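Got your viewer open? Here is a short walk through the model, one selection at a time.

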Amino acid sequence: MKLVLLFGPMAVGKMTVGQELAQITELKLFHNHMTIELLCPYFGFTPEMWELTYQFRMQIFETYAKGEGYGMIFTYVWSFEVQQDWIYAKQICDIFEKNGGEVYWVELEADLDARIERNRSENRLAHKPSKRDVEQSEARMLAGVEQHRLNSGEGELVHDRYLRINNTDLTPEEVANRIKTHFEL
């Protein structure tokens with residue numbers, strides 16, 4: 001069982017890269033908005049929605065990690081200055097590792113201008129209804145950039161299976177192929 005933890009700032013291309021990686025491997029994509037979009041129509045972006053999102057995800061991870069599948073790609077926006085985000089990432093990884101799985105850490109980064117453009121992409125809007133109010137989505141993204149550190153610092157993440165890719169000028173296919181090749185997935 002494998003877990004590719006694919007993380008980086010909003011609109012960096014996590015879901016799109018995950019879609020491509022799922023197509024060229026046997027990994028299943030579980031992008032973070034799959035639970036958000038399920039719950040947001042009922043609860044909005046409230047603490048209740050985030051708590052349910054957490055519970056749903058943990059149950060999905062627990063159940064999937066015990067199965068016979070090849071593995072999963074999970075996308076995540078990590079605020080590196082928030083201790084709870086570190087704990088959350090560790091909890092997810094621990095679930096897979098305690099079931100004999102391997103965790104692959106993939107961090108994406110891209111220039112803000114590229115991310116602003118990607119925030120309006122057809123694929124993103126098709127899969128993430130909560131992003132369809134593009135002005136509001138962009139405002140949330142820019143606020144996130146101001147309030148949080150969304151990429152790790154040099155040497156902050158030390159793992160045997162870690163890869164950082166600046167995908168500003170790369171296609172999702174190129175990034176997915178780099179991940180597949182680097183980790184021999």
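Where is Leu-27 found? Select it: Leu-27 is in the loop between α1 and β2 (28–30), with helices (H or I, at least four residues) and strands (E, at least two) taken as DSSP runs and numbered from the N terminus. Before going further, note that this is a predicted model, with local features needing pLDDT of at least 70 and side-chain atom pairs counting only at pLDDT 80 or more, while totals for chains, interfaces and linings use all residues. Residues are numbered from 1 along each chain as its sequence is written, and side-chain values use heavy atoms, leaving out hydrogens and water.

Leu-27 counts as buried because its relative accessibility is 3%; buried means under 20% relative accessible area, exposed over 50%, and partly exposed in between (1.4 Å probe, protein chains only). Show its contacts (heavy atoms within 4.5 Å): leaving aside residues up to four places away in sequence, Leu-27 touches Lys-2, Val-4, Leu-21, Ala-22, Tyr-70, Gly-71, Met-72, Ile-73 and Leu-185. Now draw a C-alpha to C-alpha distance to Pro-41: the two residues are 14 apart in sequence and 28 Å apart in space.

Next, pick Glu-20 in helix α1 (residues 14–24). Glu-20 is buried but has no salt bridge, and the nearest side chain of opposite charge, Lys-180, is 11 Å away. For that search, Lys and Arg count as positive and Asp and Glu as negative, with His and the chain ends not counted. A salt bridge here is a side-chain nitrogen of Lys or Arg within 4 Å of a carboxyl oxygen of Asp or Glu. Beyond four places in sequence, Glu-20 touches Pro-172, Glu-173 and Ala-176.

Now for a helix pair. Select α2 (residues 33–43) and α3 (residues 47–65): their axes come within 9 Å and cross at roughly 145°. The axes are lines fitted to C-alpha atoms, for helices over the stretch in contact, and angles run from 0 to 180 degrees between N-to-C directions. On the α2 side, the residues in contact are Thr-35, Ile-36, Leu-38, Leu-39, Cys-40 and Phe-43, and they meet Glu-48, Met-49, Trp-50, Leu-52, Thr-53, Phe-56 and Arg-57 in α3. By class, this contact has 9 nonpolar, 2 polar and 2 charged residues (Ala, Val, Leu, Ile, Met, Phe, Trp, Tyr, Cys and Pro count as nonpolar, Asp, Glu, Lys and Arg as charged, and the others, Gly among them, as polar). Step past α2 and you reach Gly-44, with a positive phi near 65°.

Which residues other than glycine have a positive phi? Try Ala-11, with phi near 65°, and Glu-184, with phi near 55°. Ala-11 is in the loop between β1 (2–7) and α1 and is buried at 4% relative accessibility. Glu-184 is in the segment after α8 (172–183) and is exposed at 70%.

Last stop: the salt bridges, 6 in count. Glu-62 and Lys-98 pair at 3.3 Å, N to O; Glu-62 is in helix α3 and Lys-98 in helix α4 (residues 83–98), so the pair ties together parts 36 residues apart in sequence. Stay in α4 for Lys-90 and Asp-94, which pair at 2.8 Å, N to O, and lie 4 residues apart, about one turn of the helix. Finish on Arg-164 and Glu-109, with their closest N and O atoms 3.1 Å apart. That pair links strand β5 (residues 162–166) to strand β4 (residues 102–109). Add Glu-107 to the selection, and you have a network of salt bridges linking Glu-107, Glu-109 and Arg-164.
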